[in-house]
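The following exercises concern model confidence, helix packing and the nonpolar core. Each task is followed by a worked solution.

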Amino acid sequence: MDAIALLEEQHAEVMEMMELLKESSPGRERNETFKKLQRALMAHMVIEEELLYPVVASRTEEGEPVAEGYEEHSGARVSMTRCARALKEDDLFKVRIGVLKEMISHHVKEEREAILPQVRQVMDANERKELGAQMKALFEKVRRTGRAGAGLNRKTTARELRALS
Ligand SMILES: [Fe+2]
Ligand SMILES: [Fe+2]
C-alpha cells in the first residue's frame, strides 16, 4: 500500500477511537478502547519516527516540519500518559482525551500540509509502495508487542537537531 494512504488510514482510525472515548463512561469498555488507541497511536508514531521522518529530513532542505513532528509526538506521549491516569475519573478523563484529540488533529493537519506533500515530491510511486510495506510491517509488530519504545522520547532532541541541520 502507498505510504501516504497507509498513514491517512491510520489517522482516521485513531481519530475515530478518540471520538468514541470522548463519549465513553468509566469501565471495561473505555479501558479496552483506550488500550487499543494507545497501541495504535504509539505504533503509528514509531513508524513515522523510524521510517518516514528520516527519509523526508534527509531528502529535503526544509527540516522544520519534521523537527516539529518529533516534538509533537513527544507531547502526544505525555498527553496519553495523562489520559491513562484519569481513566476512572470521568470529568478529568474527558478533558484530557479532548486535549489529546485536539493535539492529534492539529498534528495530522500539519503532516498533511507540510510533510506528506514532501513525501510525494521526493519519492516516486514505487518507493512509496515499498515504504508503505515496511511501515505496515513495523506497525503490526509494535502494535502486537505493545512495546512502543518509551525510550524514543529520549532520542527526540537528537532527531530534531538532525532534521534541522
Ligand atoms: Fe505524526
Ligand atoms: Fe501521522
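**Exercise 1.** State the mean pLDDT of the protein chain, and identify which element has the lowest mean pLDDT and which the highest.

*Solution.* The model is predicted, and the mean pLDDT of its protein chain is 93. Of the residues in the chain, 95% reach 70 or more. Turning to the elements, the lowest mean pLDDT, 77, belongs to helix α6 (residues 152-164). The highest, 98, belongs to α1.

**Exercise 2.** Determine how the axes of α1 and α2 are oriented relative to one another, and give the handedness of their crossing.

*Solution.* Begin with the axes: those of α1 and α2 come within 10 Å and cross at roughly 155°. Angles over 145 degrees count as roughly antiparallel, so α1 is roughly antiparallel to α2. The crossing of the α1 and α2 helices is left-handed. Finally, consider the residues that meet: α1 contributes Ala3, Gln10, Val14 and Met18, among others, while those from α2 include Phe34, Leu37, Leu41 and Leu52.

**Exercise 3.** Describe the largest nonpolar core, and locate the contacts of methionine 135.

*Solution.* The largest nonpolar core holds 35 residues. Within this core, Ala3, Met18, Tyr53, Val56, Val66 and Met135 touch the most other members. Two or more residues are given to the core by each of α1 (3-22), α2 (28-59), α3 (64-85), α4 (90-122) and α5 (125-145). The largest share, 12 residues, comes from α2. For methionine 135, set aside the neighbours within four places in sequence; the contacts are then Ala3, Leu6, Ile47, Leu51 and Leu52.

Key
Residues numbered from 1 in each chain as written. Chains lettered and ligands numbered in written order. Predicted model: local features only at pLDDT ≥ 70, side-chain atom pairs only at ≥ 80, totals over all residues. Core = buried A, V, L, I, M, F, W, Y, C linked by C-beta atoms within 7 Å. Buried ≥ 20, exposed ≤ 12 C-beta atoms within 10 Å, placed from the backbone. Helix = DSSP H or I, 4+ residues; strand = E, 2+ residues; numbered from the N terminus. Contact = placed C-beta atoms within 7 Å. pLDDT = per-residue confidence, 0-100. Axes fitted to C-alpha atoms, helices over the stretch in contact; angles between N-to-C directions. Parallel < 35°, antiparallel > 145°, perpendicular 65-115°, else oblique. Left-handed = near helix turned anticlockwise from the far one by under 90°.
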